Amino acid sequence: LHAIQFEELCGRFIYSNYLINTPSLYNVTASDSKIVVEPISTGLENKKDIFNTWDDKMYSQVLANYWKPWGLTMKDIVAFPNSPISYLIDEYSNEFIEPDSITMPY
């Protein structure tokens, strides 16, 4: 991966984590021989929507923080009605963008 692609993945993961609608709670118990991690039931496990709705504008704001080293701002990343730009997936062919084809530094 090119560094800008790695940062885009980080932005996607962080924003997706932000959208999780069901909090995860765990009980951690440690003894001399092992550590046990058990999920705590919140009663929301069967809720229909696991994630809140994706918002391109909010995602672009997250991505702008990751792409600061390349001087890209939120305005550069998304312009309504278009989707945010991506250095991972080509918007026309939906194929992975080869890192060698990216002309950004690093």
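## Exercises on a predicted chain

At 62% relative accessibility, Y106 counts as exposed, and this value, like every other one here, comes from a predicted model.

**Exercise 1.** Decide whether Q5 is buried or exposed, and find which residues Q5 touches.

*Solution.* Begin with the place of Q5, which lies in helix α1, a helix that covers residues 3–19. Next, take the cut-off, by which a residue is buried under 20% relative accessible area. Q5 has 0% relative accessibility and therefore counts as buried. Finally, look for its partners: leaving aside residues up to four places away in sequence, Q5 touches Y87, L88, F96, I97, P99 and I102.

**Exercise 2.** Compare N94 and Y106 by their place in the chain, their phi angle and their exposure.

*Solution.* For the place, N94 is in the segment after α3 (74–77), and Y106 is likewise in the segment after α3. For the backbone, phi of N94 is near 60 degrees and phi of Y106 is near 80 degrees, each a positive value in a residue other than glycine. For exposure, the cut-off is over 50%; N94 has a relative accessible area of 59% and is therefore exposed, while Y106, at 62%, is exposed as well.

**Exercise 3.** Describe the chain as a whole, from its elements to its extent.

*Solution.* First, list the secondary structure, which comes to 3 helices and 2 strands, running α-β-β-α-α from the N terminus on. Then turn to the extent: the radius of gyration is 19 Å, whereas a compact globule of 106 residues would have one near 13 Å. Lastly, consider burial, where 24% of the 106 residues count as buried.

Key:
Residues are numbered from 1 along each chain as its sequence is written. This is a predicted model: local features need pLDDT of at least 70, side-chain atom pairs count only at pLDDT 80 or more; totals for chains, interfaces and linings use all residues. Side-chain values use heavy atoms; hydrogens and water are left out. Helices (H or I, at least four residues) and strands (E, at least two) are DSSP runs, numbered from the N terminus. Buried means under 20% relative accessible area, exposed over 50%, partly exposed in between (1.4 Å probe, protein chains only). Contact means heavy atoms within 4.5 Å. The radius of gyration is taken over C-alpha atoms; the globule rule is 2.2 Å times the number of residues to the power 0.38.
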